[in-house]
Amino acid sequence: MEPISMQPNHAFAGEARGGLSPRAARALWWGSGGLVLGVLGTSVLVAGAEHGRRLLVTVILVLAQVCALRWQTRAPMAVLAVNALTGLAVWALLPAVSLSGALLAAQVTLCVLSATRPRRVSVWALAVMCLPAPLALGAAGAAGPSVYLLAVVLAWTAGQWRRAQQDRMRAEARRAVVEERARIAREVHDVVAHTLSVMVIQAGAADDVFVQRPEQAREALRAIETGARSALGELRLLLRAFHSDEGAGAAGDELGQQPSLARLQELADSVRTTGITVHVHCEGATDTLPATVDLAAYRIVQEALTNTVRHAAGADEVSVRVKAEGECVKVTVVDNGRTRQGGPATVGAGRGLVGMKERARLVGGSLRAGPLPEGGFEVTAQLPVRDGS
């Protein structure tokens, strides 16, 4: 079981530090490197066509800038310093290249730094980047400094816009976790209240037959033990959900009764009314699962179907498969829709995915979701079946 100290902040720690996934970092490097090579590299080749030795040196400097961009997400301040110095060297060797062009790599790094580091740090970097502006006065006339300053400020502003967008997405994700945990608390309260009520009735029955029918009393006591273990497991889930000071969601229940995998067909019927064909297939003893795992699996299927209806463009068929085997329950939901541009990163679908992952995590499981190579979207959850004690 995961330690209770695993809090929702952990899920956003990387974003809070401005970190990017390896794939995103590579894409940023290729994009920014291609921009520098395309713009500055072309300017250097044109301006240095008649300066053989200078051209060779400036080409090496440009390549050094492109290589330095590889680390701009990890150490943007160091990369900014390297690109600023090499950019000034390029401009000193080939004054025909504009100052803005020579410092293009530094401006790209300033944009990344503005997006991933605290504002006080990026403001200092902006101020430093503005210092070379007077140098453009002699080479490009009165308009030179203005053009350079405009380019630098735009780079910094673009980074601030991206930072604001990331903050909004993080706030949406945090809100989804808070809402999901609030609903989990209500549901766990209902389950525990029901279990304790049954235990009270069984305790009374055991007391009534304790002398005349001791075997029946023992059965009642064993049932009480089983119920207590189940209640303890559900309470432990609630404590994990609210161990931090934050408190997560999907829409409220369309169905009035307690959600359960036994009611998947009813859930599927509600989706079929939208015109989507839903195939439901269950394997194994899904009716004997712990209440918390049963509820988590149901909610994951519910949210996955909701995302299909709302966000899977052109989807007309979805398959739901629940397989209980040994100590694990596997839930798979696959549709045949076309993911919209940006996919589930849209606000609604993104919050739904956060809620599903939180559901799986709180019962000790895991969840993966993403588009399929042949089309469609798949959600797969692995939920362990464990003794509530």
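Student: In which sense do strand S3 and strand S4 pair, and what is the bridge partner of Val 322 in S4?
Tutor: In this predicted model, strand S3 covers residues 317-325 and strand S4 covers residues 328-335, and the two pair in the antiparallel sense over eight bridges. Within this pairing, the residue of S4 that forms the bridge with Val 322 is Val 331.

Student: Which strands are the edge strands of the open sheet?
Tutor: Five strands form the open sheet with mixed pairing, and their order is S1-S3-S4-S7-S6. An edge strand pairs on one side only, and this holds for strand S1 (277-283) and strand S6 (366-371). From one strand to the next the twist averages 10°, and the edge strands are S1 and S6.

Student: At about what angle to S1 does helix H11 run?
Tutor: Helix H11, which is made of residues 264-272, lies across both S1 and S3. With respect to S1, the helix runs at about 170°.

Student: Which element gives the largest share of the largest nonpolar core?
Tutor: This core holds 32 residues, and those that touch the most other members are Ile 300, Val 301, Leu 305, Val 329, Val 331, Val 333 and Leu 383. Two or more residues come from each of H11, helix H12 (291-311), S3, S4, helix H13 (347-362) and strand S7 (377-384). The largest share, eight residues, comes from H12.

Student: How many residues are in the second, separate core?
Tutor: In soluble globular proteins, nonpolar side chains tend to be buried together. Here a second core, separate from the other, includes Val 62, Leu 69, Val 90 and Leu 104, and its number of residues is 31.

Student: What distance lies between the end C-alpha atoms of helix H4, and what span should the helix have?
Tutor: Helix H4 runs over residues 76-93, and among its buried residues are Pro 76, Leu 80, Val 90 and Trp 91. Because each residue adds 1.5 Å, the 18 residues should span 26 Å, and this agrees with the end C-alpha atoms, which are apart by 25 Å.

Student: Is the aromatic pair of Trp 29 and Trp 30 stacked, edge-to-face or tilted?
Tutor: A search of the whole structure finds one aromatic pair. The ring centres of Trp 29 and Trp 30 are 5.9 Å apart and the planes stand at 45°. Planes under 30 degrees apart would count as stacked and planes over 60 as edge-to-face, so this pair is tilted.

Student: Does Trp 30 count as buried or exposed?
Tutor: Its partner Trp 29 has 25% relative accessibility and therefore counts as partly exposed. Because Trp 30 has 65% relative accessibility, Trp 30 counts as exposed.

Note on methods. Residues are numbered from 1 along each chain as its sequence is written. This is a predicted model: local features need pLDDT of at least 70, side-chain atom pairs count only at pLDDT 80 or more; totals for chains, interfaces and linings use all residues. Side-chain values use heavy atoms; hydrogens and water are left out. Two strands pair if DSSP finds at least two bridges between them. Helices (H or I, at least four residues) and strands (E, at least two) are DSSP runs, numbered from the N terminus. Axes are lines fitted to C-alpha atoms, for helices over the stretch in contact, and angles run from 0 to 180 degrees between N-to-C directions. Contact means heavy atoms within 4.5 Å. The expected span of a helix is 1.5 Å times one less than its number of residues. Buried means under 20% relative accessible area, exposed over 50%, partly exposed in between (1.4 Å probe, protein chains only). A nonpolar core is a set of buried Ala, Val, Leu, Ile, Met, Phe, Trp, Tyr and Cys residues joined through side-chain atoms within 4.5 Å. Rings of Phe, Tyr and Trp (its six-membered ring) pair if their centres lie within 6.5 Å; planes under 30 degrees apart count as stacked, over 60 as edge-to-face and the rest as tilted.
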